[in-house]
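Open your viewer and keep the selection box handy. We'll hop from stop to stop, and each stop tells you what to pick next.

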Amino acid sequence: RIIYTQQTPYQNLVLTKNQDDLRLYINRIIQFSSLDEYRYHESLASIPLTAAPYKKNVLILGGGEGLLAREVLKYSAVERITIVDLDGEVFRLGIENPQLAELNAHALTHPKVRTVTDDALNFLKNTNQRFDVILADLPDPSSESIARMYSTTFYKLVRSRLSRYGVFTTQATSPYHTRRAFWSIVETLKVSGFTDVQAFHTYVPSFGEWGFVLAAEWKVEPTDFEPTVPLKYLEPRTVEQAFYFAKDMSNPGGLEPNYLDQPVLLDYFLEDWARWRKEKEGN
């Protein structure tokens, strides 16, 4: 049942509700289901936050609906959270819609949280702040404009905005459905100057197998995971397994990094999805 719909200057937003299942769709693509979103958001937030030695100042790129901020706010050491989203209507939805505001635990109006309506690349270019943790919850690289958010130019900017022992983590599409795109993102982070780049994944029933990449300029030990906040999904064994990739999701090799003027990631992403859909239809 559709409970909200809006065409913003940037995208089409739709909220649906079926009993306990609240879902957000952007341009007809599911963004989350309230039944399992915690698996995704705990993975993107708690794995880097637990590994990071400092976490006073956190930057979230994307995530305007407030669910990732909800997870970050669990950490008392976090003093400031800046959320940058291109579409201010997503912020408004996350604040004013009662079902979504309840799901994000009213994170967007928390005194530690500042919301900024801006393009992520533009924000990184213009800010002088340094952040202890930067989390990218951006859309999949399904267009040239979004693929630039996964380029060496973008990641070099991210690196320049991290504090000395800062940690960056990005969502990175599915290592199963878009395998080459996922590992191209890993290669892109490696050539962007990060000395430690580690891929991990988790299973989200609404999405399938989903991938993330952690990067820093120091040796991070994310599998030394001891939860210090209440979590519904992550535990030490889960995190240890997250960094292991089965043969059908491992790096196939020979993949190119993604550059601003040569967005190979877009080709990988679109070709991977087309191949998977064709195989699915063939079965």
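Which residue is the bridge partner of I134 in β9? Select I134 and F168 together: F168 is that partner.

Some ground rules before we go on. This is a predicted model, in which local features need pLDDT of at least 70 and side-chain atom pairs count only at pLDDT 80 or more, while totals for chains, interfaces and linings use all residues. Residues are numbered from 1 along each chain as its sequence is written, and side-chain values use heavy atoms, with hydrogens and water left out.

**Stop 1: the seven-stranded sheet**

Now select β7, β6, β5, β8, β9, β11 and β10, in that order: they make an open sheet of seven strands with mixed pairing. Helices (H or I, at least four residues) and strands (E, at least two) are DSSP runs, numbered from the N terminus, and two strands pair if DSSP finds at least two bridges between them. The edge strands are β7 (113-117) and β10, each pairing on one side only. From one strand to the next, the twist averages 15°; axes here are lines fitted to C-alpha atoms, for helices over the stretch in contact, and angles run from 0 to 180 degrees between N-to-C directions.

Zoom in on β9. Five bridges join it to β8, and the two run parallel. On to β11: β9 is joined to it by four bridges, running antiparallel, and Q171 stands opposite F212. Eight of the ten residues of β9 are buried, so this strand is largely enclosed by the rest of the structure (buried means under 20% relative accessible area, exposed over 50%, partly exposed in between, with a 1.4 Å probe and protein chains only).

Slide over to β10 and β11, an antiparallel pair with nine bridges. Pick H201 and you'll find G211 of β11 opposite. Add α1, which packs on the sheet and touches β5, β8, β9 (162-171), β10 and β11; its direction makes about 160° with that of β8.

**Stop 2: the nonpolar cores**

Next, select L49, V58, I60, V72, I81 and I83. These have the most contacts inside the largest nonpolar core, which has 41 residues. (Such a core is a set of buried Ala, Val, Leu, Ile, Met, Phe, Trp, Tyr and Cys residues joined through side-chain atoms within 4.5 Å.) Elements giving two or more residues to it include α1 (37-51), β5 (57-62) and β6 (80-85), and α1 gives the most, with seven.

Keep L49 on screen: among the residues it touches are K55, V58, V72 and V133, not counting residues up to four places away in sequence (contact means heavy atoms within 4.5 Å). Then try F168, W183, V213 and F269, which belong to a second, separate core of 40 residues.

**Stop 3: the four-stranded sheet**

Head for β1, β2, β3 and β4, an open sheet in that order with antiparallel pairing. Why is one side of β1 and of β4 left without a neighbour in the sheet? β1 (2-7) and β4 (29-33) stand at the edges and each has a single partner strand, so one side of each is free of a neighbour there. In the middle, β2 (residues 12-18) and β3 (residues 21-26) pair over six bridges in the antiparallel sense. Click T16, then its bridge partner in β3, R23.
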